[in-house]
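Trainee: Got a minute to go through the side-chain contacts in this one with me?
Mentor: Sure, pull it up and we'll start with the charged pairs.
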Amino acid sequence: QHPERVVVVLDSLDEANINKDSLMWRFVRGKCEDLAEVNTIILSRPCEKVSLLAKKSVFQRRLEVVGFTEEKINEYVDAFFANDPSKSRSLRAALSSRPDVRSLMYSPLLATMVCRTFKVDGELASTQTQLYESAVMAMLEQSTEKAGQATPLSILGELRPLSVNLA
């Protein structure tokens, strides 16, 4: 009765299987008369499929959430290492020589991971996989220390005999 009170949220649209015959395609293009007056929020990572669909959509407003600017990256690093300005300077210097890692700093989550691993390891990860592994270990270490529990490394050591050698 009151379509203006309905909110439709389409999350991860970039992962949806959308073709020109699908209900989703017709909905976004405004071809579903029953849903023409509902409020719609579409969440998606940028990709060609979503860009094409957005150009053909009937929605009134399109917003893009962007990450940190260069200035905000530096502010974030300085704030993260507020108690250790030399560590902040070291990370900023390391990032200037590693554009691959610097490009990750635009994402707040990845910036946190880079700062956390640098704080623990004292150096930048050499690969993204190493960054993720180090970040997970750093977060586990921090959470177990706060809870007064065994560290992840000691837990892994205890679990090692249970593992199967697949090599």
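Mentor: Quick term before we start: helices here are DSSP runs of at least four residues, numbered from the N terminus. And keep in mind that this is a predicted model.
Trainee: Okay, so where do glutamate 75 and lysine 72 lie?
Mentor: Both are in helix H3, three residues apart, which is about one turn of the helix. Their side chains meet in a salt bridge at 3.3 Å, N to O.
Trainee: Are those two buried, exposed or partly exposed?
Mentor: Glutamate 75 is partly exposed at 38% relative accessibility, and lysine 72 is partly exposed at 41%.
Trainee: How many salt bridges are there in total?
Mentor: The count comes to four. Another one joins glutamate 70 and arginine 102, at 2.5 Å from N to O. Glutamate 70 sits in helix H3 and arginine 102 in helix H5, so that pair ties together parts 32 residues apart in sequence.
Trainee: And how accessible is arginine 102?
Mentor: Its relative accessibility is 15%, so arginine 102 counts as buried. Glutamate 70 is partly exposed, at 37%.
Trainee: Switching to aromatics, how many pairs turn up?
Mentor: Four, from a search of the whole structure. In one of them, the ring centres of phenylalanine 81 and phenylalanine 118 are 6.4 Å apart with planes at 80°, so the pair is edge-to-face.
Trainee: Which residues do the ring pairs link into a cluster?
Mentor: Phe68, Tyr76, Phe80, Phe81 and Phe118. Of these, phenylalanine 81 and phenylalanine 118 are both buried.

Methods
Residues numbered from 1 in each chain as written. Predicted model: local features only at pLDDT ≥ 70, side-chain atom pairs only at ≥ 80, totals over all residues. Heavy atoms only, no water. Phe/Tyr/Trp six-rings, centres within 6.5 Å; stacked < 30°, edge-to-face > 60°. Buried < 20%, exposed > 50% of the residue type's maximum accessible area, 1.4 Å probe, protein only. Helix = DSSP H or I, 4+ residues; strand = E, 2+ residues; numbered from the N terminus.
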